[in-house]
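Open the model in a viewer and keep the sequence panel visible. The stops below are given in the order in which to select them.

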Amino acid sequence: MPSYDEMAMRVGQPCRLERCDGNAAGSPYPAILHSISARRVHSGYEQFSLLFHSRQDQPEQQAIHAATFDDGISWEVFLVPVARVAEGYAYEACFNRALG
């Protein structure tokens, strides 16, 4: 998994989201890594979240998705639909991972 800084450098970049279970009818679909929250470190863990915006009429169900950027870099993230936005839907991936 990339570091927080590597993820932060991709904010604003387009990507494609595709469910990893192979059961998504409309997948893959275009999205943008819209934002990353502040990084918090507590008791040896870092916590932050990513917010993706997609252009869809209906939201995907929460599931593990591959987020693939134009340069071929791909991350697997557990996305949860969290809001309707002007472009379509917003999806959040939350991280709470051990450091070291």
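Two strands pair if DSSP finds at least two bridges between them. Strands (E, at least two residues) and helices (H or I, at least four) are DSSP runs, numbered from the N terminus. This is a predicted model, in which local features need pLDDT of at least 70 and side-chain atom pairs count only at pLDDT 80 or more, while totals for chains, interfaces and linings use all residues. Residues are numbered from 1 along each chain as its sequence is written, and side-chain values use heavy atoms, with hydrogens and water left out.

**Stop 1: the strand pairings**

Select strand 6 (74-85) and strand 7 (88-98). They run antiparallel and are joined by 5 bridges, and a hairpin connects them through 2 residues. Pick Val80: its bridge partner in strand 7 is Glu92.

Keep strand 7 and add strand 4 (45-54). Here 10 bridges join the two strands, again in an antiparallel arrangement. Leu50 stands opposite Ala93 in strand 7.

Next add strand 2 (29-36). Strand 2 pairs with strand 4 in the antiparallel sense over 5 bridges, and Leu33 is opposite Phe52 of strand 4. Finish with strand 1 (14-19), which pairs with strand 2 in the antiparallel sense over 4 bridges. In that pairing, Leu17 faces Tyr29 of strand 2.

**Stop 2: the nonpolar core**

A nonpolar core is a set of buried Ala, Val, Leu, Ile, Met, Phe, Trp, Tyr and Cys residues joined through side-chain atoms within 4.5 Å. Buried means under 20% relative accessible area, exposed over 50%, and partly exposed in between (1.4 Å probe, protein chains only). In soluble globular proteins, nonpolar side chains tend to be buried together.

Which residues have the most contacts inside the largest nonpolar core? They are Leu17, Leu50 and Phe52, in a core of 20 residues. Among the elements that each supply at least two residues of this core are helix 1 (4-8) and strand 5 (63-69).

Centre on Phe52 and show its contacts (heavy atoms within 4.5 Å). Not counting residues up to four places away in sequence, Phe52 touches Cys15, Leu17, Ile32, Leu33, His34, Ala67, Val77, Leu79, Tyr89, Ala90 and Tyr91.

**Stop 3: His53**

Move to His53, which is also in strand 4. Is His53 buried or exposed? Its relative accessibility is 12%, so it counts as buried. The His53 side chain makes a polar contact with the side chain of Glu87 at 3.3 Å. A polar contact is a pair of N or O atoms within 3.5 Å; within protein, one must be able to donate a hydrogen and the other to accept it, and residues adjacent in sequence count only if both atoms are side-chain atoms. Leaving out residues up to four places away in sequence, His53 touches Ala31, Ile32, His34, Val85, Glu87, Tyr89 and Ala90.

**Stop 4: the rings**

Rings of Phe, Tyr and Trp (its six-membered ring) pair if their centres lie within 6.5 Å; planes under 30 degrees apart count as stacked, over 60 as edge-to-face and the rest as tilted. The structure holds 4 aromatic pairs. Select Tyr29 and Tyr91: the ring centres are 6.2 Å apart and the planes at 45°, so this pair is tilted. Tyr29 lies in strand 2 and Tyr91 in strand 7, so the pair ties together parts that are 62 residues apart in sequence. Tyr29 is buried at 3% relative accessible area, and Tyr91 is buried at 0%.

Now select Phe48 and Phe95, a stacked pair with 4.8 Å from centre to centre and 15° between the planes. Phe48 is in strand 4 and Phe95 in strand 7, 47 residues apart. Both Phe48 and Phe95 are buried. Add Tyr4 to see the cluster that ring pairs form with Phe48 and Phe95.

**Stop 5: Pro30 and Ser43**

Pro30 is in strand 2 and is partly exposed, with 43% relative accessible area. Apart from neighbours within four places in sequence, Pro30 is in contact with Cys15, Ser54 and Arg55.

End at Ser43, in the loop between strand 3 (40-42) and strand 4. Most residues other than glycine have a negative phi. Phi of Ser43 is near 50°, a positive value. Ser43 is exposed, with a relative accessible area of 60%.
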